[in-house]
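Student: Before we look together, I would like to work through this model by asking about one feature at a time. Could you reason each answer out for me and finish on the value or name I asked for?

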Amino acid sequence: MDTLSYKTLAVGPETLDRKWVVVDATDQVLGRLCAKVAKLLRGKYKPGYTPYMECGDNVIIINADKIVMTGKKFTDKIYLNYTGYPGGQRETTPEVLMKKSFNKHIKPGMHPLFMRVMKGMLPKNRLGRQLLGNLHVYNGPTHPHEAQEPVLIDINKLK
C-alpha cells in the first residue's frame, strides 16, 4: 500500500466554513447545553477540526431565561472569584448571575451566567477568549443577528 497517497488536509482561514446557528435553551439543563455549545464553538462537529484554529460556528442562544439546573444548584451552587486584594474573595450563585442578566447595563448578548459556565469549558488561552466572543446569549426569543441568516438547530440531536 502506498502510504504517500494519504495526506492530512490542513484547514486554512480561506477554506473555513463558518456558519451562524441558533440554539433554543428552553427547558435545557445548563451544563449539558453548554458542553454541546462549547463543541460547536470549537468546531469539533466538523470534519476539518483543527485544535489551534478558530474553526467553529457563531452560536446564538435564545430563551436563556428558561434554562434549568438539576437539584438545588440554582440557589446552592457557589462560584468563587478573587479580586487580587486581601480579603477580595467574592462568591456568587447562578440565581444572582441570572438576575444580573436582566440588568440594562449588561451589554446585549453577554449573559453573565452563560459566560461564566462557557469560559470554564473553553481553552484557557487567547483562543478561548476569542471563541467566547462568538457566543451571543439572549433572554428572550428574539435576537439582533437576523442579517447573518442563522440556522436554527436542535441541540438534542448532537452528541
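Student: Which residue in the turn of the hairpin formed by S3 and S4 has a positive phi, and what is its value?
Tutor: Please keep in mind that this is a predicted model. Strand S3 (residues 79-82) and strand S4 (residues 89-92) pair in the antiparallel sense over four bridges, and six residues lie between the two strands of this hairpin. In that turn, the residue with the positive phi is Gly 84, at about 105°.

Student: Which residue in S4 stands opposite Asn 81?
Tutor: S3 covers residues 79-82 and S4 covers residues 89-92, and the two strands are paired in the antiparallel sense. The partner that stands opposite Asn 81 in S4 is Arg 90.

Student: What is the phi of Asp 27, and is this residue buried or exposed?
Tutor: Asp 27 is found in the loop between S1 and H1, and its phi is positive, near 60°, in a residue other than glycine. Exposed means over 50% relative accessible area. Because Asp 27 has 61% relative accessibility, it counts as exposed.

Student: Is Asn 63 buried or exposed?
Tutor: Asn 63, placed in the loop between S2 and helix H2 (73-76), has a positive phi of about 55° although it is not a glycine. The cut-off for the buried class is under 20% relative accessible area. Because the relative accessibility of Asn 63 is 7%, the residue counts as buried.

Student: How many residues of S2 are buried, and which of them lie on each side?
Tutor: Both faces of S2 are covered, with Asn 58, Ile 60 and Ile 62 buried on one side and Val 59 and Ile 61 buried on the other. The strand is therefore largely enclosed by the rest of the structure, and the count of its buried residues is five of the five.

Student: How many bridges join S1 to S2, and which residue stands opposite Asn 58?
Tutor: S1 and S2 run parallel, and five bridges join them. Within this pairing, the residue that stands opposite Asn 58 in S2 is Trp 20.

Student: How many salt bridges does a search of the whole structure find, and how far apart in sequence are the parts tied together by Glu 54 and Arg 18?
Tutor: The search finds two salt bridges, and in one of them the side chains of Glu 54 and Arg 18 meet at 3.4 Å, N to O. Glu 54 lies in the loop between helix H1 (30-42) and strand S2 (58-62), whereas Arg 18 lies in the segment before strand S1 (20-24), so the parts that the pair ties together are 36 residues apart in sequence.

Student: Which residue forms a salt bridge with Lys 46, and is that partner buried or exposed?
Tutor: The side chain of Lys 46 meets that of Asp 57 at 2.7 Å, N to O. Both residues lie in the loop between H1 and S2, so the pair ties together parts that are 11 residues apart in sequence. Lys 46 is partly exposed, with a relative accessible area of 21%, whereas Asp 57, with a relative accessible area of 5%, is buried.

Student: Which elements give two or more residues to the patch of positive charge on the surface?
Tutor: The patch gathers Arg 116, Lys 119, Arg 126 and Arg 129. The elements that give two or more residues to the positive patch are helix H4 (112-121) and helix H5 (126-132).

Methods. Residues numbered from 1 in each chain as written. Predicted model: local features only at pLDDT ≥ 70, side-chain atom pairs only at ≥ 80, totals over all residues. Heavy atoms only, no water. Patch = residues over 30% accessible without salt bridge, like charges linked within 9 Å, V, L, I, M, F, W, Y side chains within 5 Å. Areas by Shrake-Rupley, 256 points an atom, 1.4 Å probe, with all protein chains shown as cover. Salt bridge = Lys/Arg side-chain N within 4 Å of Asp/Glu carboxyl O. Lys, Arg positive; Asp, Glu negative; His and termini not counted. Charge placed at Lys NZ, Arg CZ, Asp CG, Glu CD. Pairing = 2+ DSSP bridges. Buried < 20%, exposed > 50% of the residue type's maximum accessible area, 1.4 Å probe, protein only.
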